[in-house]
Amino acid sequence: MTIRVRSPDVEDLTEARQRLAHFAETTRTKPPKSLLNERGAPTAELLSYCRQEGLSLDWLFLGDINCLLSAYRARNRTFEDAEPKSVRH
């Protein structure tokens with residue numbers, strides 16, 4: 001199954017490239033050279049980078065920060081931060 005990113009909302013990749021450059025600079029990582037392959041799907045290099053660094057494709061391509069924040073919270077949550085779901089006596 002191929003997921004295509006090309007849509008009316010993602011025709012111009014300028015903003016995605018700017019977000020990727022900012023993310024890479026902030027995390028001090030080397031970003032992938034290309035975002036999409038010839039079929040309009042994210043490159044394997046980009047998917048690998050996103051998986052390894054916790055970068056959300058929603059944020060990268062659409063600017064939706066919610067997924068990025070959720071991933072950050074999940075990565076940085078400690079046992080002490082977790083709220084008890086129920087207390088049994």
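This report describes the fold, the core and a few local features of a predicted protein model.

## Overall fold and confidence

The protein chain contains four helices and zero strands, and its elements follow one another from the N terminus in the order α-α-α-α. Of the 89 residues in the protein chain, 29% are buried. The surface that the protein chain exposes comes to about 7,200 Å², and carbon and sulfur atoms supply 50% of this area. Among the contacts in the protein chain with a separation of 6 or more, 46% are between residues that stand 24 or more positions apart.

Because the model is predicted, the confidence values deserve attention before the details are read. The average pLDDT of the protein chain is 80, and 73% of the residues score at least 70. Among the elements, helix 2 has the highest mean pLDDT, at 96, whereas helix 4, which covers residues 66-76, has the lowest, at 75.

## The nonpolar core

The largest nonpolar core has 14 residues, and those that touch the most other members are L20, L35, L46, Y49, L55, L60 and F61. Helix 1, helix 2 and helix 3 are the elements that give two or more residues to this core, and helix 1 gives the most, with four residues.

L35 offers a view of how one member of this core meets its surroundings. Leaving aside residues up to four places away in sequence, L35 touches L13, A16, R17, L20, A41, P42, T43, L46, L60 and F61.

## An aromatic cluster

The structure holds two aromatic pairs. In one of them, the ring centres of F23 and Y49 are 6.2 Å apart and the ring planes meet at 80°, so this pair is edge-to-face. F23 belongs to helix 1 (residues 14-27) and Y49 to helix 2 (residues 44-53), so the pair ties together parts that are 26 residues apart in sequence. Both of these residues, F23 and Y49, are buried.

F23 also pairs with W59, and here the arrangement is tilted, with 6.3 Å from centre to centre and 50° between the planes. Since F23 lies in helix 1 and W59 in helix 3 (residues 57-62), this pair ties together parts that are 36 residues apart in sequence. W59 is buried, as is F23. Through these ring pairs, F23, Y49 and W59 are linked into a cluster.

## The two sides of helix 2

The buried residues of helix 2 are L46, Y49, C50 and E53. When helix 2 is seen down its axis, these buried residues fall within an arc of 100°, so they line one face of the helix. The general geometry helps in reading this pattern: an α-helix has 3.6 residues a turn, so residues three or four places apart point the same way.

On the face of helix 2 that is turned away from its buried side lie the exposed residues A44, R51 and Q52. After helix 2 comes G54, a residue whose phi is positive, near 75°.

## A positive phi at R28

R28 is placed in the loop between helix 1 and helix 2. The phi of R28 is near 55°, which is a positive value in a residue other than glycine. Is R28 buried or exposed? Its relative accessibility is 78%, and because a residue over 50% is classed as exposed, R28 counts as exposed.

Definitions and conventions. Residues are numbered from 1 along each chain as its sequence is written. This is a predicted model: local features need pLDDT of at least 70, side-chain atom pairs count only at pLDDT 80 or more; totals for chains, interfaces and linings use all residues. Side-chain values use heavy atoms; hydrogens and water are left out. Rings of Phe, Tyr and Trp (its six-membered ring) pair if their centres lie within 6.5 Å; planes under 30 degrees apart count as stacked, over 60 as edge-to-face and the rest as tilted. Buried means under 20% relative accessible area, exposed over 50%, partly exposed in between (1.4 Å probe, protein chains only). pLDDT is the predictor's confidence in each residue, from 0 to 100. Contact means heavy atoms within 4.5 Å. Accessible areas come from the Shrake-Rupley method with a 1.4 Å probe; for residues, only the protein chains shown count as cover. The arc is that of the directions from the helix axis to the C-beta atoms. A nonpolar core is a set of buried Ala, Val, Leu, Ile, Met, Phe, Trp, Tyr and Cys residues joined through side-chain atoms within 4.5 Å.
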